Amino acid sequence: MKLIRFGEIGREKPGVLLEDGTRVDVSGFGADYDEAFFASAGIAKLKNWMAAHAGSAPRVSTAVRWGAPICRPSKIVCIGLNFRDHAEESGMEIPKEPVIFFKATTSLVGPNDAVVIPKNATKLDWEVELAIVMEKSASYVRKENAMDYVAGFALHNDYSERSFQLERGGQWVKGKSADTFAPLGPYLATKDEIQDFNQLGMWLKVNGEFRQRGSTSKMICNVPGLVAYVSEFMTLLPGDVISTGTPPGVGLGMKPPQYLKDGDVVELGIDGLGESRQEVVEYR
């Protein structure tokens, strides 16, 4: 299934995206896509509910806003420098182990919401990434069975304010956590929807020009490895997000570096996970 949420900010409802592109309101199922939903085998229950009610469930107009496909999770864990060529373009050493940092959960927004340049920001950058969403609590899991804990995958743009990230004391979280810096979706594809998460093409454009083209096959540490690794250091809860790193082509790595400005349009996509679009706007 492809899980979606829709509606006004702060008043989103749960839905399902059908194969023909129709959005179905599944509020009648009785649960939003939060920690409790994933922890209680909500995906399997919803699949059964859809088998009985999909035909009669309300349809959602194409004019209605897309929300993030999950409710605000307990944490958004990010992996830095997980593509060798991205580390090289950033002028950083290839990490011996995955680099872990966080994005504040308040940065989560819908896939097509505007991205807001924070106050005093000068170097807003883009990063197309594959996001993992957890289905079960995971602590000290083994790589061999890590996928048993995963609900599915989503498209994520890990926006970064490089001046905050790299010039304000070395705390990456400061450059990653502004409001609107984590557009997720348009949908969460359950893991049965994705045939091979190790071979997903990914791309990003700025104002219609390609900036990033890559593949999850180029990850230094793959999806099961990341789930196992992160679970060594913290308990991952149902609904938590792991964002797995970005391929080369970010603004920081260009010569000279190029950053986003008011009015720019960023478009991105990953095979099987849809596309999203954000307009850049100044803080007002």
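Two strands count as paired if DSSP finds at least two bridges between them. In this predicted model, strand 18 (residues 265-270) and strand 19 (residues 275-282) pair in the antiparallel sense, over 5 bridges. Within that pairing, L268 stands opposite S276, which sits in strand 19. Both strands belong to an open sheet of 5 strands, and reading across the sheet gives the order 8-19-18-15-16. The pairing in this sheet is mixed. Strand 8 (115-117) and strand 16 (209-215) are the edge strands, so each has a partner on one side only. Ignoring direction, neighbouring strands here are turned by 20° against each other on average.

Next comes the loop between strand 14 (188-190) and strand 15 (201-206), where Q195 is found. Is Q195 buried or exposed? Its relative accessibility is 83%, so Q195 counts as exposed. Along the sequence, Q195 and G272 are 77 residues apart, yet in space their C-alpha atoms are 9.1 Å apart.

Then there is the nonpolar interior. The largest nonpolar core has 52 residues, and F153 and I242 touch the most other members. Several elements give two or more residues to this core, among them strand 1 (2-6), strand 5 (76-80), strand 10 (128-134) and strand 11 (150-157). Strand 8, strand 15 and strand 18 are also on that list. Which element gives the most to this core? That is helix 6, with 5 residues; this helix covers residues 223-231. A second core, separate from the one just described, holds 32 residues, including L3, L108, A131 and V241. As for I242, leaving aside residues up to four places away in sequence, its contacts are V77, I79, L130, A131, I132, M134, V227, V230 and L236.

Aromatic rings meet in several places too. A pair of aromatic rings is described by two things, the distance of the centres and the angle of the planes. The structure holds 9 aromatic pairs. One of them joins Y159 and F181, with 6.2 Å centre to centre and 45° between the planes, which makes the pair tilted. This pair links distant parts of the chain, 22 residues apart. Y159 lies in the loop between strand 11 and strand 12 (160-161), while F181 lies in the loop between helix 5 (172-176) and strand 13 (182-183). Both Y159 and F181 are buried. Another pair, W203 with F210, is edge-to-face, with centres 6.1 Å apart and planes at 75°. F210 has a relative accessible area of 36%, so F210 is partly exposed. Elsewhere, F29, Y33, F37, F38 and W49 come together as one aromatic cluster.

Finally, the cysteines. How many disulfides does the model have? The count comes to 0. For C78, the nearest cysteine sulfur is that of C221, 15 Å away, whereas a disulfide needs the two sulfur atoms within 2.5 Å, so C78 is in no disulfide. Looking from the other side, C221 is in no disulfide either, with the sulfur of C78 as its nearest cysteine sulfur. Are these two cysteines buried or exposed? The cut-off for buried is under 20% relative accessible area. C78 has a relative accessibility of 0% and therefore counts as buried. C221, at 17%, counts as buried as well.

Methods:
Residues are numbered from 1 along each chain as its sequence is written. This is a predicted model: local features need pLDDT of at least 70, side-chain atom pairs count only at pLDDT 80 or more; totals for chains, interfaces and linings use all residues. Side-chain values use heavy atoms; hydrogens and water are left out. Buried means under 20% relative accessible area, exposed over 50%, partly exposed in between (1.4 Å probe, protein chains only). Helices (H or I, at least four residues) and strands (E, at least two) are DSSP runs, numbered from the N terminus. Axes are lines fitted to C-alpha atoms, for helices over the stretch in contact, and angles run from 0 to 180 degrees between N-to-C directions. A nonpolar core is a set of buried Ala, Val, Leu, Ile, Met, Phe, Trp, Tyr and Cys residues joined through side-chain atoms within 4.5 Å. Contact means heavy atoms within 4.5 Å. Rings of Phe, Tyr and Trp (its six-membered ring) pair if their centres lie within 6.5 Å; planes under 30 degrees apart count as stacked, over 60 as edge-to-face and the rest as tilted.
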